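Thanks for coming. I will walk through one structure this morning, and you can follow along on the screen.

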Amino acid sequence: MKVMDRVDLRRNLGLLAGVVVFFMIAVMPVWAGAGNGNAKKGEKIVKTRKLGNCVACHYLPNVESPGNIGPNLVEVMQGYTLADRKDVTQWIRDARKFNPHTIMPPFGTNKILTPKQINDVVAYLYTLKK
Ligand code: HEC
């Protein structure tokens, strides 16, 4: 290999590395958003009547007289690991997949909540894990 070729190669590798790093920085927030919702927003959604209003049926901490038609979500979350994130999400998206006779509203299917809001709710629920 001639000296000139080697210099070119090194310059090209440097450029390639730069492009890769740039790509990672540009795309990283999208990856993060896909997996990790905003727990703070999620908490607001579950406790707001016009949004999730999960507390009409479920016990959640720091809520005045939560409902008890559904299971206590603090207890429920102790039984889930991070690997079950898909199932937890599906419960909220459309619980009929697990129980065709459920009274829990299909928040995703009926567009009561957006996929992003559901992601935030799931992030909040995982903060309840002790
Ligand atoms: C109208 C009442 C009602 C509302 C509102 C409701 N749920 Fe439920 N939910 C239930 C019931 C009842 C169950 C128990 C399973 C069943 O009967 O389908 C349940 C089950 C669940 C489960 C699964 C529990 C388990 O054993 O794994 C999760 C998670 C859950 N609800 C989260 C939520 C969240 C988050 C919200 C708000 C976005 C919500 N629910 C709103 C009634 C409700």
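I will go from the overall fold to the helix contacts, then to the ligand, and end with a few residues in the loops.

Before anything else, keep in mind that this is a predicted model. I will give computed values throughout.

Start with the overall picture. The protein has five helices and zero strands. If you read the elements from the N terminus on, you get α-α-α-α-α. Of the 130 residues in the protein, 18% are buried. Now take the contacts with a separation of 6 or more: 46% of them are between residues 24 or more positions apart.

Next, how the helices pack. I have two pairs to show, and H5 is in both.

The first pair is H2 and H5. Helix H2 covers 39-47, and helix H5 covers residues 115-127. At what angle do the axes of H2 and H5 cross? They cross at roughly 100°, and the axes come within 7 Å. An angle from 65 to 115 degrees counts as roughly perpendicular, so H2 is roughly perpendicular to H5. On the H2 side, the contact is made by Ala39, Lys41, Gly42, Glu43, Ile45 and Val46. On the H5 side, the residues are Gln117, Asp120, Val121, Ala123, Tyr124 and Thr127. Sorted by class, this contact of H2 with H5 has six nonpolar, three polar and three charged residues.

The second pair is H4 and H5. Here the packing angle is about 125°, and the axes are 10 Å apart. These two helices are therefore oblique to each other. The crossing of H4 and H5 is right-handed. By class, the contact of H4 with H5 has six nonpolar, one polar and two charged residues. As for the names, H4 brings Arg85, Val88, Thr89, Ile92 and Arg93, which meet Ile118, Val121, Val122 and Leu125 in H5. You may notice that Val121 of H5 is listed in the contact with H2 and also in the contact with H4.

Now the ligand. Which residues come nearest to it? There are 23 residues around the ligand, and the nearest are Gly52, Cys54, Cys57, Gly70 and Thr102. Two elements give two or more residues to this shell: helix H3, at 73-78, and helix H4, at 85-93. The largest share, three residues, comes from H4. By class, the shell has 17 nonpolar and six polar residues, and no charged ones.

That leaves the loops. I will begin with the one between H2 and H3, where three residues are worth pointing out.

Val55 is in that loop. Is Val55 buried or exposed? Val55 has 20 other C-beta atoms within 10 Å. The cut-off for buried is 20 or more, so Val55 counts as buried. Leaving aside its neighbours within four places in sequence, Val55 is in contact with Val46, Lys47, Leu60, Val63, Pro66 and Gly67. Take the last of these: Val55 and Gly67 are 12 residues apart in sequence, while their C-alpha atoms are 5.8 Å apart in space.

The other two are asparagines, and the point here is the backbone angle phi. Most residues other than glycine have a negative phi. Asn53, in the loop between H2 and H3, has a positive phi of about 50° although it is not a glycine. Asn62, found in the loop between H2 and H3, also has a positive phi, near 60°. How do their surroundings look? Asn53 is partly exposed, with 17 other C-beta atoms within 10 Å. Asn62 is exposed, with 8 other C-beta atoms within 10 Å.

One last residue, from the loop between H4 and H5: Lys111. Lys111 is exposed, and 9 other C-beta atoms lie within 10 Å. How many residues separate Lys111 from Arg93 along the chain? They are 18 residues apart, and their C-alpha atoms are separated by 8.9 Å. Arg93 is a residue we have met already, in the contact of H4 with H5.

That is what I have. Questions are welcome.

Definitions and conventions
Residues are numbered from 1 along each chain as its sequence is written. This is a predicted model: local features need pLDDT of at least 70, side-chain atom pairs count only at pLDDT 80 or more; totals for chains, interfaces and linings use all residues. A residue is near a molecule or strand if its C-beta atom, placed from the backbone, lies within 6 Å of it. Helices (H or I, at least four residues) and strands (E, at least two) are DSSP runs, numbered from the N terminus. Ala, Val, Leu, Ile, Met, Phe, Trp, Tyr, Cys and Pro count as nonpolar, Asp, Glu, Lys and Arg as charged, and the others, Gly among them, as polar. Axes are lines fitted to C-alpha atoms, for helices over the stretch in contact, and angles run from 0 to 180 degrees between N-to-C directions. Angles under 35 degrees count as roughly parallel, over 145 as roughly antiparallel, 65 to 115 as roughly perpendicular and the rest as oblique. A crossing is left-handed if the near helix is turned anticlockwise from the far one by less than a right angle, and right-handed if clockwise. Two residues are in contact if their C-beta atoms, placed from the backbone, lie within 7 Å. A residue is buried if 20 or more other C-beta atoms lie within 10 Å of its own, exposed if 12 or fewer, and partly exposed in between; C-beta atoms are placed from the backbone.
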